[in-house]
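Thanks for coming. I will take one chain today and go through its layout, its charged pairs and its surface.

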Amino acid sequence: NADNFPELYYSKLKKFKPVKLTDLSKQISKFKLATKEKISWNSKDGAEITGVLIKPADFDPKKNIPYL
């Protein structure tokens, strides 16, 4: 998912027993990450548009954030 890195696993095929080789998500577990949310709205012609809104890690809805 968007909040975790893909990890590497190893296993023999005949006896499938995955062993985790990496733990990248643990390395970033203390980082303050941006939040993501699915949003939808209607265009002028009525078609529904879906997007992803990514908010900064320190997002505060009471503060004004300048547009780029």
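I will begin with the overall layout and then move to single residues.

Please keep in mind that what you see is a predicted model. The protein chain has one helix and four strands. In sequence order the pattern reads β-β-α-β-β. How spread out is the protein chain, set against a compact globule? Its radius of gyration is 19 Å, and the globule rule gives 11 Å for 68 residues, so the chain is more spread out than a compact globule. Along the principal axes, the C-alpha trace spans about 55 × 35 × 20 Å.

Burial and contacts come next. Of the 68 residues in the protein chain, 7% are buried. If we take the contacts with a separation of 6 or more, 10% of them are between residues 24 or more positions apart. The exposed area of the protein chain is about 6900 Å², and 58% of that is supplied by carbon and sulfur atoms.

Now the strand pair. Strand β3 covers residues 35–42 and strand β4 covers residues 48–55. The two run antiparallel, and eight bridges join them. Two of the pairings can be named here. K36 has I54 as its bridge partner in β4, and E37 has L53. Between the strands of this hairpin there are five residues. G46, in that hairpin, takes a positive phi near 90°.

On to the charged pairs. Side chains of opposite charge can pair when their charged atoms come close. The cut-off I use is a Lys or Arg side-chain nitrogen within 4 Å of an Asp or Glu carboxyl oxygen. How many salt bridges does that rule give? The count is two.

One of them joins E37 and K55, with 2.9 Å from N to O. What does this pair tie together? E37 lies in strand β3 and K55 lies in strand β4, so the salt bridge links parts that are 18 residues apart in sequence. E37 is partly exposed, at 36% relative accessibility. So E37 appears twice in this account: L53 is its bridge partner in β4, and K55 is its salt-bridge partner.

Let me stay with K55 for a moment. Apart from neighbours within four places in sequence, K55 is in contact with A34, T35 and E37. L33 is 22 residues from K55 along the chain, and the C-alpha atoms of the two are separated by 9.2 Å.

K20 and D23 also form a salt bridge, and their closest N and O atoms are 3.6 Å apart. Are these two residues buried or partly exposed? K20 is partly exposed, with a relative accessible area of 42%. D23 is partly exposed as well, at 35%.

Next, the helix. Helix α1 runs over residues 24–27, and S25 has its place there. Is S25 buried or exposed? With a relative accessibility of 16%, S25 counts as buried, because the cut-off for buried is under 20%. Which residues does S25 touch, leaving aside neighbours within four places in sequence? They are N4, F5 and E7. As for strand β3, the C-alpha atoms of S25 and E37 are separated by 20 Å, with the two residues 12 apart along the chain.

That brings me to the surface. L8, Y10, V19 and L21 form a nonpolar patch there. Together these four have about 430 Å² of accessible area. L8 lies in the segment before β1, which is residues 9–10. L8 is exposed, at 54% relative accessible area.

Last, the segment after β4. K63 lies in it, and K63 is exposed, with a relative accessible area of 56%. How far is K63 from V52, by C-alpha atoms? The separation is 21 Å, for residues 11 apart along the chain.

To sum up, this is a predicted model of a chain with one helix and four strands. Strands β3 and β4 are joined by eight bridges, and the salt bridge of E37 and K55 also ties these two strands together. The nonpolar patch of L8, Y10, V19 and L21 is on the surface, whereas S25 in helix α1 is buried. That is the end of my part.

Terms used: Residues numbered from 1 in each chain as written. Predicted model: local features only at pLDDT ≥ 70, side-chain atom pairs only at ≥ 80, totals over all residues. Heavy atoms only, no water. Patch = residues over 30% accessible without salt bridge, like charges linked within 9 Å, V, L, I, M, F, W, Y side chains within 5 Å. Areas by Shrake-Rupley, 256 points an atom, 1.4 Å probe, with all protein chains shown as cover. Buried < 20%, exposed > 50% of the residue type's maximum accessible area, 1.4 Å probe, protein only. Pairing = 2+ DSSP bridges. Rg over C-alpha atoms; globule rule 2.2 N^0.38 Å. Contact = heavy atoms within 4.5 Å.
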